[in-house]
Amino acid sequence: MTKSRTDIKAGLGRRIDQALGRAEADLVIKNVRMLNIATGEVVRTDIAICDDRIVGTYDLDYRGRQEIDGSDLYAVPGFIDTHVHPESTLVQPYEFDRLALSRGTTTAIADPHEITNVLGVAGLRYFLDQAPHLAMDLRINLSSCVPAGALETSGARLEADDLVALRDHPKVIGLAEFMNFPGVLAKDDAVLDKLAAFDGWHIDGHSPLLGGKPLNAYLSCGVRNCHEATHPDEALEKVRKGMQVLIRDGSVTRDVEALAGLIDMTRAPFLAFCTDDRTPLHIAEDGHIDHLIRTAIAKSAPLEAVYRAATWSAARGFGFTDRGLLAPGYLADIVLLTDLEHCRVDSVIRLGRQVDTETFARRQLIPPVGFHSIKRAPVDADLFRTPCKGPRGPVIGLIEHQIITEHLTLDLPYGEGLRHADPAADVLKLAVLERHGRNGNVGRGFVKGFGIRHGAIASSIGHDAHNIITVGSNDADMAVAVNRLIELQGGFVAARDGEVLEELALPIAGLMSDRPAEEVEQRLRALRDVLRSMGCMLEEPFVQLAFLPLSMIPHLKITDHGLVDADHHRLISLDGEPLG
C-alpha cells in the first residue's frame, strides 16, 4: 500500500523526535560494538530505531520503549545473497525465507529459473506472488534463459515479451543470469531481443571462463556481474572491466577459498557473495552467507572488507541505496553477532523488529504449483543400452566442488556392440530422460567420479531443463531408480539390487518438497549415508549430478539430446564424433 504524503510527513516527524532524543525510540540496541562498513572501525554505540529505520548511532544515551542489551554483541548490516535459486534449497520459498533469514540473510536476489524452466510463466508468477509476503526482502530477477540453450528440452519457453509483461512488478529488479553468452556473441536475434527489452535495467551475467574481446562484447550489452568466476585471474579480469564478481559458495561450487585473496577495501565495492544453490543440509551444517563470510576471513581476507562485500557492496551492485550500512536513515536490517571474526549469529532484526517464531507465523502463504509435472511413462532396463563402435569414447570427468567437468576419453568394457560401465575404474553409465512430455528423448553417456560400486541413483533436478537424470553401475538398478522417481513425481532416489534404499520426494515441479526444511534435511542425511554405503564419498552427490546437464558450462555435459561438447556448443556421439 502506498503511503500518503501526510503519513510520510508524520513518520518523518517521529524519526526526527526519536533521533534527537525528544521521544523514546521504538527500539534501542544498547552499548553494542558496531562495525562501521564505511570506515572499517568498530565502535561502542547505541543504535536507535524508529519504525523500520535506524535514526541514531554514535551515541550512548538513547532511550527506547524496547531495549536490547548489546554489551556482549557486535552489530553488522543484514547480509545480502546476490544470486540464489531458492528452488535449489529443495523447499518452498517461505521455508527458504525461514532458513536464510535466521542466519542473517535479510535480502536475497532470486532467479526462479529452475521452476520457470519446468512451468514457464506460472512458475515465475508463483515466486512473484509469494515474495511480498516473506519476512526477508526477496527480490526477483526475471529468468532470461528458458530454455538455457538449444541443446536440451525444457518444459517451457519464455521470449522477451513474456518477461516485459512482468517487468513492472514491485519485486522485480531486472533480467536474471544471461547464460547464453554464445548467443550474445553470435548476435542471435531472440537473445538480442531480450537484451534490448531490458536495456537500461539491471542484467545479471553468467560467463564462465570468458575473457578478452569476447568478454568485452558481452559486457558492452549491459551485463553487470558474474557469479561463475572460479580462478583469481578470471575474477580479476572481470573486476578490471567493471564487472561485479559475485563470489559463490553453494552445496557444490566452493569458490570463496579460491577468490578470498582478491578481497580488500579497494576491490570490495566490486565484489559480493552469493550461494546460488545450497541445500537445507548444508545450511544446517555450515550456514548461509554467514558461512561465506567466516570462510573468507579464515583465508586471511580483511574482516572489514569481507563484511563490506557482504552488505554495502552487494546492495550498491543491485541499486539498493537504503541498506548495507548501520547509519541514520538506513533500513534497520541488523545482524547481532557473538563473534565478529567467526560470524556467529546471535539474533536478527528485520525492518526494526527482532526475528522470532512469530515473524514467520504471521506470513501469508501462497499455495504451491507444479504438482504432477513428471510426464514420463515407466521404463525398462533396455532403455539404457549404449551401442557404440568400440570400447573407446568420451567420458564426463566429475570435479568435486565444481560444476566445470573434464572431457575425458577412456576405454571401457565392450562386447556385442555395446559399451558398459566399469565400476572398478569408477566409470558409471549416465542417462538423461526428457520428462516434460514433449519428445521422449534419452541422452546416454558415461561419467567418472561418483565412486558408486553397485547400484544407481536418479534425480528430477538437472539444470536447467530439469529432465530426469540417472547414473549407475547397471541398467536394471537405473530403471528401478527412475521408475520410483516417476511414481514420486520428482525427487531423489537411491537403488541397489532391484530395491529402493532411500528417497526424497520433491513433488512441487519435481524441484521442491511440500514438507518442512527439517524433514528434508533428515532425508538428505539418510541419502548421504546410503550413498556412502554404495561407495560414493561425494559431499553432495545429487547436487553434483544436477549440474551434469548444464550445457553452457565447460567442458563435457549431457542433456536429453545426448553428449554436449560445451566448448564448441555441439552434440557429439558416444564415439566422440560431432553430430549435426
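Visitor: Two strands pair if DSSP finds at least two bridges between them. On that basis, how many bridges join E14 to E15?

Guide: There are 5 bridges between strand E14 and strand E15 (residues 344–350), and the two run antiparallel. Keep in mind that this is a predicted model.

Visitor: Which residue stands opposite Asp339?

Guide: Arg344, in E15, stands opposite Asp339. E14 and E15 make a hairpin with 4 residues between the strands, and Cys343 in that turn has a positive phi of about 50°.

Visitor: And which strand does E5 pair with, and in what sense?

Guide: Strand E5 (residues 74–77) pairs with E14 (residues 334–339) in the antiparallel sense, over 4 bridges. Within that pairing, Pro77 has Ile334 of E14 as its bridge partner.

Visitor: Back towards the N terminus. How many bridges do E1 and E2 have?

Guide: Strand E1 (residues 25–35) and E2 are antiparallel and pair over 7 bridges. One of the partnerships is Val28 with Ala48 in E2. The hairpin of E1 and E2 has 6 residues between the strands, and Gly40 in its turn takes a positive phi of about 85°.

Visitor: What about E2 and E3?

Guide: E2 pairs with strand E3 (residues 53–56) as well, antiparallel over 3 bridges. Ile49 is opposite Ile54 of E3. The hairpin of E2 and E3 has 2 residues between the strands, and Asp51 there has a positive phi near 55°.

Visitor: Is E2 mostly covered or exposed?

Guide: Mostly covered: in E2 (residues 42–50), 7 of the 9 residues are buried.

Visitor: Any open sheet? What is the order of its strands?

Guide: An open sheet of 4 strands has the order E27-E28-E29-E30, with antiparallel pairing. Strands E27 (556–559) and E30 (578–579) are its edges, each pairing on one side only. E27 and strand E28 (residues 562–565) are joined by 4 bridges, and Lys557 stands opposite Val564 in E28.

Visitor: Switching to helices. Why does the length of H13 look right?

Guide: H13 (residues 303–317) has 15 residues, so at 1.5 Å a residue it should span 21 Å, and its end C-alpha atoms are 20 Å apart, which agrees.

Visitor: Where is the kink in H13 centred?

Guide: On Ala309, with an angle of about 45°.

Visitor: Is Ala309 buried or exposed?

Guide: Ala309 is buried, and other buried residues of H13 include Val306, Tyr307, Arg308, Ala310 and Ser313.

Visitor: What happens just after H13?

Guide: Gly319 takes a positive phi of about 80° there.

Visitor: Which non-glycine residues have a positive phi, then?

Guide: Ser300 and Asp426 are among them: Ser300 has a phi of about 80°, and Asp426 has one of about 65°. Most residues other than glycine have a negative phi.

Visitor: Where do Ser300 and Asp426 lie?

Guide: Ser300 is in the loop between helix H12 (289–298) and H13. Asp426 is in the loop between strand E20 (418–419) and strand E21 (427–433).

Visitor: Why is Ser300 called exposed?

Guide: Because its relative accessible area is 65%, and exposed means over 50%.

Visitor: And why does Phe270 count as partly exposed?

Guide: Phe270 is at 38% relative accessibility, which falls between the 20% and 50% cut-offs. Phe270 lies in the loop between helix H10 (256–259) and strand E13 (271–274).

Visitor: How far apart are Phe270 and His372?

Guide: They are 102 residues apart in sequence, and their C-alpha atoms are 43 Å apart in space.

Visitor: Which peptide bonds are cis?

Guide: Two to look at: the bond from His463 to Asp464 is cis, with omega near 0°, and so is the one joining Pro554 and His555, where omega is about 5°. Asp464 sits in the loop between strand E23 (456–459) and strand E24 (468–472). His555 is in the loop between helix H17 (541–546) and E27.

Visitor: Last topic, pockets. What is the volume of the largest pocket?

Guide: About 570 Å³. It is lined by 19 residues, and the closest to its centre are Pro132, Leu134, Ala135, Arg350 and Leu351. Strands E8 (137–142) and E16 (353–354) are the elements that give two or more residues to the lining.

Visitor: How many of the lining residues are charged?

Guide: The lining of the largest pocket has 10 charged residues, along with 6 nonpolar and 3 polar.

Key. Residues are numbered from 1 along each chain as its sequence is written. This is a predicted model: local features need pLDDT of at least 70, side-chain atom pairs count only at pLDDT 80 or more; totals for chains, interfaces and linings use all residues. Side-chain values use heavy atoms; hydrogens and water are left out. The expected span of a helix is 1.5 Å times one less than its number of residues. The bend at a residue is the angle between axes fitted to the seven residues ending there and the seven starting there. Buried means under 20% relative accessible area, exposed over 50%, partly exposed in between (1.4 Å probe, protein chains only). On a 1 Å grid over the protein atoms alone, a cavity is a set of points where a 1.4 Å probe fits but cannot get out, and a pocket is an open set with protein on both sides within 12 Å along at least five of seven lines; lining residues have an atom within 4 Å of a point. Grid points are joined across faces, edges and corners, and a volume is the space filled by probe spheres set on the points. Ala, Val, Leu, Ile, Met, Phe, Trp, Tyr, Cys and Pro count as nonpolar, Asp, Glu, Lys and Arg as charged, and the others, Gly among them, as polar.
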